[in-house]
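Dear colleague,

Please find the structure we discussed directly below. I should be grateful if you would keep it open while reading the notes that come after it.

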Amino acid sequence: KPSVASKGGRSWHMSAVITKSTSEKFQVECFVHLFNTCTRNSFSVASIIEHLLKTLKAEYPILKQAFLCSDNAGCYKNAALLLSLPDICAHSGVKIMRYDFSDPQAGKDVCDRKAAPMKAHIKRWVNEKHDVLPAKDMKQTIKSHEGLKGFRAAVVEVDILKDVVKDKKIPGISLLNNFQFIEEGRT
């Protein structure tokens, strides 16, 4: 019987990339990072952000700046991730201008709206007697039937041997929601 791994069984991370075209219209494209195994921590999030920015920069060489937004989950809002952002900027060639955090479980409406058709697409694939177990199967599923419009998927592995910094909480960080990165430091 075909099966699909649940979100709890197969790790995936969705990023909504909102761009403004030359015609001043906003476009939303979702990038789904798929993992066979992945620990949800700041290192995996930093790896995802770096992969995403490098991918975007390769396709859009004129890209110079990015603005990030996420919820307040601990894997996003901690010292290790925030302090790794300058290195991510240097490696990707894209300067992160701001990182804004929404209330817990808020601010993910764009991703949630895009996740619904993706989940329905996966369910359809499984109902057609296909398995969706390893991450590569999920990528194939997303690309099936001419793919999902506005979606891209990548199977990635996080090199946990490079994770040398443990997630550290910053006292009072929960009171701060907006970080702007400037040449002289952070505000």
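The notes below begin with the whole chain and then turn to individual residues.

Please bear in mind that this is a predicted model.

**Overall fold**

The protein chain contains four helices and seven strands. Followed along the sequence, these elements come in the order β-β-α-β-α-β-α-α-β-β-β. The chain has 187 residues, of which 40% count as buried. Among contacts in the chain with a separation of 6 or more, 71% are between residues 24 or more positions apart. The exposed area of the chain is about 11,500 Å², and carbon and sulfur atoms supply 56% of that area.

**Strand S1**

Strand S1 covers residues 11-20 and includes Ile18. His13 also lies in strand S1. Are these two residues buried or partly exposed? His13 has a relative accessible area of 17% and is therefore buried, the cut-off being under 20%. Ile18, at 48% relative accessibility, counts as partly exposed, because its value falls between the limits of 20% and 50%.

Apart from neighbours within four places in sequence, His13 is in contact with Phe31, Val32, His33, Phe35, Ile48 and Tyr76. Ile18, for its part, joins Phe26 and Val28 in a nonpolar surface patch of about 300 Å².

**Salt bridges**

In general, side chains of opposite charge can pair when their charged atoms come close. The structure holds six salt bridges, and three of the pairs are described here, with their N to O distances.

- Glu59 and Arg152 meet through their side chains at 2.3 Å, N to O. This pair links distant parts of the chain: Glu59 belongs to helix H1 (residues 42-59) and Arg152 to strand S5 (residues 151-155), with their positions 93 residues apart. Glu59 is partly exposed, at 37% relative accessibility, and Arg152 is likewise partly exposed, with a relative accessible area of 23%.
- Arg98 forms a salt bridge with Asp100, in which the closest N and O atoms are 2.7 Å apart. A relative accessible area of 26% makes Arg98 partly exposed.
- Glu128 and Arg124 are joined through their side chains at 3.5 Å, N to O. Glu128 counts as partly exposed at 32% relative accessibility, and Arg124 counts as partly exposed at 42%. Elsewhere, salt bridges that share partners join Glu29, Glu59 and Arg152 into one network.

**Cysteines**

How many disulfides does a search of the whole structure find? The search finds zero. Cys30 is buried, at 0% relative accessibility, and Cys89 is buried at 17%.

Cys75 is placed in the loop between strand S3 (65-70) and helix H2 (79-92). With a relative accessible area of 6%, Cys75 counts as buried, because buried means under 20%. Not counting residues up to four places away in sequence, Cys75 touches Arg40, Asn41, Ser42, Val45 and Leu81. One of these partners, Arg40, is 35 residues from Cys75 along the chain, and the C-alpha atoms of the two residues are separated by 6.4 Å.

**Thr141 in helix H4**

Thr141 is part of helix H4, which spans residues 135-143. Which backbone oxygen lies 2.7 Å from a polar atom of the Thr141 side chain? That oxygen belongs to Asp137. Thr141 has 0% relative accessibility and so counts as buried. Once neighbours within four places in sequence are set aside, the contacts of Thr141 are with His121, Ile122, Trp125 and Val132.

**Points to look at in the viewer**

For a first inspection, I would suggest these places:

1. The Glu59 and Arg152 salt bridge, which links helix H1 with strand S5.
2. The nonpolar surface patch made by Ile18, Phe26 and Val28.
3. The loop that holds Cys75, between strand S3 and helix H2.
4. The side chain of Thr141 and the backbone oxygen of Asp137.

With kind regards

Conventions. Residues numbered from 1 in each chain as written. Predicted model: local features only at pLDDT ≥ 70, side-chain atom pairs only at ≥ 80, totals over all residues. Heavy atoms only, no water. Patch = residues over 30% accessible without salt bridge, like charges linked within 9 Å, V, L, I, M, F, W, Y side chains within 5 Å. Areas by Shrake-Rupley, 256 points an atom, 1.4 Å probe, with all protein chains shown as cover. Salt bridge = Lys/Arg side-chain N within 4 Å of Asp/Glu carboxyl O. Helix = DSSP H or I, 4+ residues; strand = E, 2+ residues; numbered from the N terminus. Buried < 20%, exposed > 50% of the residue type's maximum accessible area, 1.4 Å probe, protein only. Disulfide = S-S within 2.5 Å. Polar contact = N/O pair within 3.5 Å; in protein donor to acceptor, adjacent residues only side chain to side chain. Contact = heavy atoms within 4.5 Å.
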